[in-house]
Amino acid sequence: MSKKPDANEKAVIEQIIRDSILWALTKDVEMQKDTMAHDADLLIIWTGSTHITRGWKEHETSFETWLDPRFEAVRTEVRDLEVHISRSGDVAWYFADLDDVVSWEGKASKFGEGLRWTGVLEKRDGHWVIVQMHASLAVDKVRDIVMRDMPSA
């Protein structure tokens, strides 16, 4: 049986999605913690081949890096966010274009713009939390970045 979400439900979900990434601009750890599942179900796959986080405990260890003064969230922008809620009303999934430009010791990452960002949320005890999140960069974008940075022959 389908359950129609309340009118405000999508707005709440959208804010949680945005907070899950925007927290880094101010290093508001509590904001970030409120957005994620705090158990083994949490799965985060980011752009690097080794950037896979399985479970809350593993994710929590990454706070040390993000709170390090050498780390800075330079610019974060979420565009074209699409949210869909399941018929049961307790699962949602999303897609957005994301710029998540960060720097370490003043050197900005080349691979933070134009990310494709997806994820899944679950409603637990009346509160939406992210259980899966994935970011990738399209092959043509990677090629453009590499070609732009190659020295001319």
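This passage walks through the predicted model from its overall fold to its aromatic cluster, its largest pocket and a few individual residues.

The structure is a predicted model, in which local features need pLDDT of at least 70 and side-chain atom pairs count only at pLDDT 80 or more, while totals for chains, interfaces and linings use all residues. Residues are numbered from 1 along each chain as its sequence is written, and side-chain values use heavy atoms, with hydrogens and water left out.

The chain has five helices and seven strands, where helices (H or I, at least four residues) and strands (E, at least two) are DSSP runs numbered from the N terminus. Read from the N terminus on, the order of these elements is α-α-β-β-α-α-β-β-β-β-β-α. Of the 153 residues in the chain, 36% are buried; here buried means under 20% relative accessible area, exposed means over 50%, and partly exposed lies in between (1.4 Å probe, protein chains only).

Helix α1 is a good place to begin. With 18 residues at 1.5 Å a residue, α1 should span 26 Å, and its end C-alpha atoms are indeed 26 Å apart; the expected span of a helix is taken as 1.5 Å times one less than its number of residues. Even so, α1 bends by about 45° at Ser-20, the bend being the angle between axes fitted to the seven residues ending at a residue and the seven starting there. The buried residues of α1 are Glu-9, Ile-13, Ile-16, Ile-17, Asp-19, Ser-20, Ile-21, Trp-23 and Ala-24. As general background, an α-helix has 3.6 residues a turn, so residues three or four places apart point the same way.

Aromatic contacts come next. The structure holds five aromatic pairs, counted when the ring centres of Phe, Tyr and Trp (its six-membered ring) lie within 6.5 Å, with planes under 30 degrees apart called stacked, over 60 edge-to-face and the rest tilted. One of these is the edge-to-face pair of Trp-23 and Trp-66, at 5.3 Å centre to centre and with 65° between the planes. Because Trp-23 lies in helix α1 (residues 9–26) and Trp-66 in helix α4 (residues 63–67), this pair ties together parts that are 43 residues apart in sequence. Trp-23 is buried, with a relative accessible area of 4%, whereas Trp-66 is partly exposed at 23%. Trp-56 and Phe-63 form another edge-to-face pair, with 5.9 Å between the centres and 70° between the planes. Both Trp-56 and Phe-63 are buried. Together, Trp-23, Trp-56, Phe-63 and Trp-66 make up one aromatic cluster.

Trp-66 also appears in the account of the largest pocket, which holds about 810 Å³ of space. On a 1 Å grid over the protein atoms alone, a pocket is an open set of points where a 1.4 Å probe fits, with protein on both sides within 12 Å along at least five of seven lines, and lining residues have an atom within 4 Å of a point. Grid points are joined across faces, edges and corners, and the volume is the space filled by probe spheres set on the points. Thirty residues line this pocket, and the closest to its centre are Trp-46, His-51, Trp-66, Asp-100 and Val-102. Two or more lining residues come from each of α1, β2 (52–54), α3 (56–61), α4 and β4 (91–104). By type, the lining divides into 14 nonpolar, 13 polar and three charged residues, where Ala, Val, Leu, Ile, Met, Phe, Trp, Tyr, Cys and Pro count as nonpolar, Asp, Glu, Lys and Arg as charged, and the others, Gly among them, as polar.

Two residues deserve a look for their backbone angles. Asp-80, in strand β3 (residues 71–85), has a positive phi of about 50° although it is not a glycine. Glu-105, in the loop between β4 and β5 (107–108), likewise is not a glycine and has a positive phi of about 50°. Asp-80 is exposed, with a relative accessible area of 56%, and Glu-105 is exposed with a value of 56%.

Some C-alpha distances link separate parts of the chain. Lys-33 belongs to helix α2 (residues 29–33) and is partly exposed at 23%; its C-alpha atom is 9.6 Å from that of Asp-19, 14 residues away along the chain. Leu-137 sits in the loop between β7 (127–136) and α5 (139–149) and counts as buried at 14% relative accessibility. Leu-137 and Gly-112, 25 residues apart in sequence, are 8.5 Å apart from C-alpha to C-alpha.
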